[in-house]
Amino acid sequence: MIGSLAYDMNNEKRRGLILLNNVLGGQGLNNRLNLNIREKYGLTYSIESNFIPYFDTGIFQVYFSAEKKYQARIVKLIHKEFKNFREKELGVNQLHLAKQQLKGHIALAQENRVGLMLALGKSLLLFDKVDTNQEIFDKIDEITSKDVIEIANEILIPENFSSLTFI
């Protein structure tokens, strides 16, 4: 696992990082880490990224499982993906599809009533309000490819990442 500090839950850029995370290594097998490391090179079966915002800080992390002999190469490939996000804006179609996929994940997550009630309660406790789906979707639609590249240049900096290895 490699990880770095990220935005807290009150930072307006957190939604952009959620979108970036979804494209990089979020839910589903069509994310870049799965396509470019798992499928292309076959170095790992499991690879994903996560963004976890807390009250006063956040964590961005990439987890993968692999044989020890592949770990250094995988980390190098992960940083190559980070570099792509820092240097190349998402195309119009890529950005649109990423937003639609994120909205779909949000809508599906609400089918789990227990999870939905916990999320609504958390939102009420932390922000003193609950956004409607349309408000959430509107905020996602406001994210631009320039926002994503700016966020990548703030968060996906190799020197800021620490690693943790389980053997």
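## Helix α1, an aromatic cluster and some polar contacts

Helix α1 covers residues 14-25, and its 12 residues reach 16 Å from the first C-alpha to the last, close to the 16 Å expected at 1.5 Å a residue. Please keep in mind as you read that this is a predicted model. Of the 12 residues of α1, 11 are buried, so the helix is largely enclosed by the rest of the structure. The buried residues include Arg 14 and Arg 15 at the start of the list, together with Leu 17, Leu 19, Leu 20, Val 23 and Leu 24. Asn 21, Asn 22, Gly 16 and Gly 25 are also among the buried residues of α1.

Let us follow the chain onward from this helix. Asn 31 sits in the loop between α1 and α2, the latter being residues 32-41. With a relative accessible area of 1%, Asn 31 is buried. What does the side chain of Asn 31 reach? The partner is the backbone oxygen of Gly 26, at 2.8 Å. Not counting residues up to four places away in sequence, Asn 31 touches Asn 22, Val 23, Leu 24, Gly 25 and Gly 26. Of these, Asn 22, Val 23, Leu 24 and Gly 25 are listed among the buried residues of α1.

Now to the aromatic rings. A pair of aromatic rings is described by the distance of the centres and the angle of the planes. Searching the whole structure turns up three aromatic pairs. In one of them, Phe 60 and Phe 161 have ring centres 6.4 Å apart and planes at 90 degrees, so this pair is edge-to-face. Phe 60 belongs to strand β3 (residues 58-65), while Phe 161 is in the loop between α7 (145-155) and β4 (162-163), so the pair ties together parts that are 101 residues apart in sequence. Are Phe 60 and Phe 161 buried or exposed? Both are buried, and for Phe 161 the relative accessibility is 13%.

Phe 161 also pairs with Phe 82: the ring centres lie 4.9 Å apart and the planes meet at 40 degrees, so the pair is tilted. This pair, too, links distant parts of the chain, with Phe 82 in helix α3 (residues 68-87) and Phe 161 in the loop between α7 and β4, 79 residues apart. Phe 82 counts as buried because its relative accessibility is 0%. Ring pairs thus link Phe 60, Phe 82 and Phe 161 into a cluster.

Arginines over ring faces make a handy pair of entries for a table.

| Arginine | Ring beneath | Distance from ring centre |
|---|---|---|
| Arg 32 | Phe 85 | 4.5 Å |
| Arg 38 | Tyr 45 | 4.4 Å |

Another arginine offers a contact of another kind. Arg 113 is in helix α5 (residues 113-127), and with a relative accessible area of 55% it is exposed. The side chain of Arg 113 reaches the backbone oxygen of Gln 110 at 3.4 Å.

Finally, a look at one more tyrosine. Tyr 54 is in the loop between β2 (46-53) and β3. Its relative accessibility is 38%, so Tyr 54 counts as partly exposed. Leaving aside neighbours within four places in sequence, Tyr 54 is in contact with Asp 8, Met 9 and Ile 59. Between Tyr 54 and Gly 91, the separation is 37 residues in sequence and 30 Å in space, C-alpha to C-alpha.

Terms used
Residues numbered from 1 in each chain as written. Predicted model: local features only at pLDDT ≥ 70, side-chain atom pairs only at ≥ 80, totals over all residues. Heavy atoms only, no water. Phe/Tyr/Trp six-rings, centres within 6.5 Å; stacked < 30°, edge-to-face > 60°. Helix = DSSP H or I, 4+ residues; strand = E, 2+ residues; numbered from the N terminus. Buried < 20%, exposed > 50% of the residue type's maximum accessible area, 1.4 Å probe, protein only. Lys NZ or Arg CZ within 6 Å of the ring centre and 35° of its normal. Contact = heavy atoms within 4.5 Å. Expected span 1.5 Å × (residues − 1). Polar contact = N/O pair within 3.5 Å; in protein donor to acceptor, adjacent residues only side chain to side chain.
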